[in-house]
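Open the model in your viewer and keep the selection tool at hand. We will go from stop to stop, choosing a few residues each time.

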Amino acid sequence: MNEAKELAQADAGFAKPRLPIGPVMPDAKADAAMGPMIFSAWYVIAKSTDVGDTLTPIRVLGEPLVHYRKADGTPVVLDDRCAHRRYPLSRGRRVGDTIECGYHGFTYENSGKCIWAPGAPADASLNFGVRAYPCAERGPWLWVWMGPPEQADPQQIPMPDVLDRPDDTVCGYKLNPCNYLMLIENLLDLSHLHFVHDAADRDSVSVVPEEAPAPPNGVAWRKVVEEAEVLLAAHFAGGDPKRRVRQEDGTTQFGPSLCFGYQRRDPLPDDDTPVVPALIQIAHAVTPLDERQTHQFFMTVISDPLVVEPAQMLHLLQEIVFEQDVEVVAQVQANVDADRRQGRTEVNMPYDRFGLRMRRILADMKAREIDYAASSHPGNRI
Ligand code: FES
Ligand SMILES: [Fe+2]
C-alpha cells in the first residue's frame, strides 16, 4: 500500500475518535511533541566534582564536547573534534593545560587555538583551532553556553537558590531515551506520581495545579492538597509514609534547561507533631544530547537530617524512581516516532497547560535564535 493511501486510511479510522475526548487546548499541536534544539541557553554538562584532569567527552545538542579543569581550577569546554581529521580530543592527552590530539599530535590551548602541529614551519602562525565554549559553575554543576558567544551571560544561568545542606543532598544522573520536551512534560505533569511511582495518592493527583509567577521563557505552578499521605518522601527522613499531612507542591521550568520542584508538608490543623521531611527540593537539569536523547542531571535536598545513607537515597531516586520515568518516556518517544496519523493526535487536560505553554515558548525561542543568526551571523549553522 502506498504511503498516502495508508495515511488516508489511518486518518479515516483511528485518528477520529468516536467518543468525546475532553477539552482541547487551543495551542495544542500534534507536531510540537518534539522540542527544537535550542543553542541559546545555559545547559548543565557535568557535576562540578566530576570535572577534573581527565578529558571527559559529552554530546550536547548533537555536538561533541570535551571538558576538563586547568591546573588553576578553571573549567574548560572545547569542541571534541580535532581541527585536523576530527579525531576526538578527549582521546588525546593533557600536556599541562593544553590538549595534544591522540592521532597526529596537534596541540590546543584552552582558548581552542592550535599552537603546535607536526611538520608546521617553526615560524608559521597557526591560525586555526577548535571552538571553545563559555562555561561557568553554579550550584553543583558545570554549565555551558553553545549559542552565539557574545550573548553568553553567566548571570542568566537558571540555578535557583536551594537549601544549603550538603549532608542531606544527593546528585545523580539519568540518560533519557527521548526528546527533552518529553522529559520537561513529564516533570511538569506530576499526576503521574501516583500511576508511575506510587508516590502520591489518587485524590491528591486529582487536584489541578494553579498558575504561579513564572520566570522569563518559563512556566510555574503551585498546588495545595489539604490532606494527603506522605508516602515516598517519609523514607528519607524517618517519617511515617501513611501519615496524613497538608502538602504544597510547586514546579518552575526555566527555558529548556532546568526544572525546579519542591514539596512542603505541614501537620494537619489538629496535629502539632512536625512533619519530616518538611521540605524537599529537586532540581532537574535537562540537557538535550540530541533530538532523541536527553541528559538529566538532578539534585535533591531535604530540610531534615537524612536517616538513610545518601547512597541509598540516590539509589532509590536514580535506579528506581527516575528509571520508571525513563521507561515511560522511551515508550512515548517510540509511539511519537511511529505515529503516522494526521491531525490531532493528543488529548489535553488542564494539567497539560504548562507543558503546552512550554512547547510554544520553546518554539518562540528557536524562532528568535534563527532570526538572530540570520541577522547578525549570516552563514552560522543553527
Ligand atoms: S586528527 Fe588530530 S592531529 Fe590529526
Ligand atoms: Fe516521574
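Begin with the largest nonpolar core of this predicted model, which has 82 residues. To find those with the most contacts inside it, select Ile-45, Leu-89, Trp-143, Val-144 and Ile-184. Helix α2 gives this core its largest share, seven residues. The core also draws at least three residues from each of domain 1 (49–154) and domain 2 (159–339), and you may like to colour those two ranges separately.

Next, select helix α2, residues 180–188. How many of its nine residues are buried? Nine of the nine are, and the helix is mostly covered. Among the buried residues are Tyr-180, Met-182, Glu-185 and Asn-186, and Ile-184, met at the previous stop, is also on the list.

Now go back to Leu-89, another of the core residues with the most contacts. Setting aside neighbours within four places in sequence, show its contacts: Leu-55, Val-66, Leu-78, Asp-80, Cys-82, Ile-99, Cys-101, Tyr-108 and Val-130.

Keep Tyr-108 selected, as it leads to a sheet. Tyr-108 stands opposite Cys-114 in β8. Strand β7 (residues 107–108) is joined to β8 by two bridges, and the two run antiparallel. Widen the view and you will find an open sheet of four strands, in the order β5-β6-β7-β8, with antiparallel pairing. At its edges are β5 (93–95) and β8 (114–116), each pairing on one side only.

The next stop is a run of two hairpins. Select β2 (56–60) and β3 (63–69), which are antiparallel and joined by five bridges. Val-60 stands opposite Glu-63 in β3. Two residues lie between these strands, and Leu-61 in this hairpin takes a positive phi near 50°. Then add β4 (75–79), which pairs with β3 in the antiparallel sense, again over five bridges. Here His-67 has Val-77 as its bridge partner. The hairpin of β3 and β4 has five residues between the strands, and Gly-73 in the turn has a positive phi of about 100°.

Finish at Val-51, in the loop between β1 (42–47) and β2. Is Val-51 buried or exposed? Val-51 counts as buried because it has 21 C-beta neighbours inside 10 Å, where 20 or more are needed. Beyond four places in sequence, its contacts are Ala-46, His-67, Tyr-68, Arg-69, Pro-75 and Leu-142. Try drawing a distance from Val-51 to Pro-75: their C-alpha atoms are separated by 7.2 Å, although the two are 24 residues apart along the chain.

Terms used: Residues are numbered from 1 along each chain as its sequence is written. Chains are lettered from A and ligands numbered from 1 in the order in which they are written. This is a predicted model: local features need pLDDT of at least 70, side-chain atom pairs count only at pLDDT 80 or more; totals for chains, interfaces and linings use all residues. Two strands pair if DSSP finds at least two bridges between them. A residue is buried if 20 or more other C-beta atoms lie within 10 Å of its own, exposed if 12 or fewer, and partly exposed in between; C-beta atoms are placed from the backbone. A nonpolar core is a set of buried Ala, Val, Leu, Ile, Met, Phe, Trp, Tyr and Cys residues joined through C-beta atoms within 7 Å. Domain bounds come from an automatic or database domain assignment. Two residues are in contact if their C-beta atoms, placed from the backbone, lie within 7 Å.
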